[in-house]
Amino acid sequence: MMIPIRDLFEGHLTVCDLERSMAFLGDALGLELAQVFMERRVAFYWIGRRGQSMLGLWETGTAPQRMSLHLAFTVDLPDLLEAPERLRTANITARDFWGNPTEEPVVLAWMPAASVYFQDPDGNLLEFLSMLPDSPQPELGVVAWSRWAHRHDLGQPQIAGQP
């Protein structure tokens with residue numbers, strides 16, 4: 001039997017400007033710097049508590065082979081519901097599943113999970129995600145949080161910045 005995988009411990013992103021990306025992760029997202037190796041142009045950040053999960057940044061400059069990658073971060077649902085406003089306060093555009101600016105999370109009904117997407121300064125797609133306790137409804141596809149909340153009698157969500 002294969003070893004069961006429970007969580008993602010470590011992910012890595014390539015970036016054009018290490019200092020700019022470090023400011024983004026540390027200042028805008030509030031992640032704790034674990035270690036930086038300036039001679040190698042790499043930095044590591046703790047996600048959650050120390051030793052729980054880590055993100056590595058590797059500076060590649062503007063090489064044409066650079067890849068745009070995607071990482072999802074698990075967050076609590078109340079924080080996710082406030083994410084569009086919190087991101088906007090940090091001058092970061094919250095995006096829906098299709099990449100359009102949004103004021104609320106979307107729900108990936110097949111999981112189901114609520115998500116808000118955004119990009120780092122190098123265009124990597126980042127995501128805040130919260131698994132929902134509801135039964136999967138793959139036939140719904142991807143829907144706005146307000147539609148999901150209404151269908152599940154959760155009431156109108158309190159999205160930051162809205163009455």
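**Exercise 1. Find which residues of the largest nonpolar core touch the most other members.**

Solution. The core has 34 residues, and L57, F128, W145 and W148 touch the most other members. Here a nonpolar core is a set of buried Ala, Val, Leu, Ile, Met, Phe, Trp, Tyr and Cys residues joined through side-chain atoms within 4.5 Å. Buried means under 20% relative accessible area, exposed over 50%, partly exposed in between (1.4 Å probe, protein chains only). In soluble globular proteins, nonpolar side chains tend to be buried together.

The ground rules come next. This is a predicted model: local features need pLDDT of at least 70, side-chain atom pairs count only at pLDDT 80 or more, and totals for chains, interfaces and linings use all residues. Residues are numbered from 1 along each chain as its sequence is written, and side-chain values use heavy atoms, with hydrogens and water left out.

**Exercise 2. State how confident the prediction is.**

Solution. Start with pLDDT, the predictor's confidence in each residue, from 0 to 100. Its mean over the protein is 87, and 88% of residues reach 70 or more. Then look at residues 156-163: there the pLDDT is below 50, and the stretch has 14 contacts in the model beyond near neighbours in sequence. A contact means heavy atoms within 4.5 Å.

**Exercise 3. Lay out the secondary structure and the overall burial.**

Solution. Count the elements: three helices and nine strands. Both are DSSP runs numbered from the N terminus, helices being H or I with at least four residues and strands E with at least two. Along the sequence the order is β-α-β-β-β-β-α-β-β-β-β-α. Next, burial: 38% of the 163 residues count as buried. Finally, range: of the contacts with a separation of 6 or more, 54% are between residues 24 or more positions apart.

**Exercise 4. Describe the surroundings of S115.**

Solution. Place S115 first: it sits in strand 7 (residues 113-119). S115 is buried, because its relative accessible area is 1%. Leaving aside neighbours within four places in sequence, S115 is in contact with L80, P105, V106, L108, E127, F128 and L129. With E127, S115 also makes a side-chain polar contact of 2.6 Å. Such a contact is a pair of N or O atoms within 3.5 Å; within protein, one must be able to donate a hydrogen and the other to accept it, and residues adjacent in sequence count only if both atoms are side-chain atoms.

Now take the view from F128. Not counting residues up to four places away in sequence, F128 touches L29, F73, V75, L80, A83, L87, A114, S115, V116 and F118.

**Exercise 5. Classify the ring pairs F97–Y117 and F118–F128.**

Solution. Rings of Phe, Tyr and Trp (its six-membered ring) pair if their centres lie within 6.5 Å; planes under 30 degrees apart count as stacked, over 60 as edge-to-face and the rest as tilted. The rule yields six aromatic pairs.

- F97 and Y117: the centres are 6.2 Å apart and the planes at 70°, so this pair is edge-to-face. F97 lies in the loop between helix 2 (77-89) and strand 6 (106-108), Y117 in strand 7, 20 residues apart. F97 is partly exposed at 43% relative accessibility, whereas Y117 is buried at 6%.
- F118 and F128: the centres are 4.7 Å apart and the planes at 50°, so this pair is tilted. F118 is in strand 7 and F128 in strand 8 (residues 125-131), 10 residues apart. F118 is buried at 0%, and F128 is buried at 16%.
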